[in-house]
Amino acid sequence: MIRVHHLEKSRSHRILWLLEALNVDYEIEVYQRDPKTQQAPDALKKVHPLGKSPVITDGDLTVAESGAIIDYLVNRYGEGRLQPATDAGKEWVNYRYWLHYAEGSLMPLLVMGLVFSQIPKQSPWLIKPIAKGISSTVQQRFIQPQLKQHLSLIETHLSEHGNFAGDWPSGADIQMSFPLQAVAATRSLAAYPAIAAFIERIESDPDWQRVVERAGPLTMPGE
């Protein structure tokens, strides 16, 4: 039996969605963040030394990192589903690209934005104005222009293809779900209708709805 070590306000909802899409039985072990630090509990380090989520156990195997987990589950349990065949040419290349892009390019930018938004809140009152100025400068001069460029790339692809690769939902669609849901939680998507439609498609997917019923709604760090 697969066990998903599920941390609240984390990226593990998409692993649950993948398992529902694969129709694979699984169990959920839920971990709560520290209310003050928002860090994962030390109990997760008993599963994997870094103490991060998502992480799954499947028998005597432990698999961490969202992309690696998706690769493992799709290849072991997919029976050809949820990813294009290796001879599918451009579709297979798109699948591999977006599967790795989510955590390799987009999420670091979003995490950086979250960190800088928290700096003024966590700073001593005496230096709050300075911290706020630094945070605002980094956001306006680097993070937001870069994010706009990334969202334009994604919008163009989704406008042309509807999803990221292969039949809906592919492992790439599932991997891209969290960062785009995170974007939607912090800004209007009026300028990005294809991204908004993609998120709506996630939320109306019966497998995603089963995840919400079982694990609760997706919430983001800082909420």
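Helices, taken as H or I runs of at least four residues, and strands, taken as E runs of at least two, are those found by DSSP and are numbered from the N terminus. The model described here is predicted.

On this basis, helix H2, which spans residues 66–77, lies across strands E1, E3 and E4. The direction of H2 is at about 130° to that of E4. A further helix, H1, is formed by residues 13–22 and lies across E1, E2 and E3. H1 runs at about 150° to E1.

The strands that these helices cross belong to an open sheet. Four strands make up this sheet, in the order E2-E1-E3-E4, and their pairing is mixed. Strand E2 (26–31) and strand E4 (61–64) are at the edges, each pairing on one side only. From one strand to the next, the twist averages 20°.

Strands of a sheet are paired through backbone hydrogen bonds, in either a parallel or an antiparallel arrangement. In the present model, the pairing of E1 (residues 2–7) with E3 (residues 55–58) is antiparallel and extends over four bridges. Within this pair, Val-55 of E3 stands opposite His-5.

E3 also pairs with E4; the two run antiparallel and are joined by four bridges. Asp-58 has Leu-61, in E4, as its bridge partner. Two residues separate E3 from E4 in the hairpin that these strands form. Gly-59 is located in the turn and has a positive phi of about 65°.

Notes. Residues numbered from 1 in each chain as written. Predicted model: local features only at pLDDT ≥ 70, side-chain atom pairs only at ≥ 80, totals over all residues. Heavy atoms only, no water. Pairing = 2+ DSSP bridges. Axes fitted to C-alpha atoms, helices over the stretch in contact; angles between N-to-C directions. Contact = heavy atoms within 4.5 Å.
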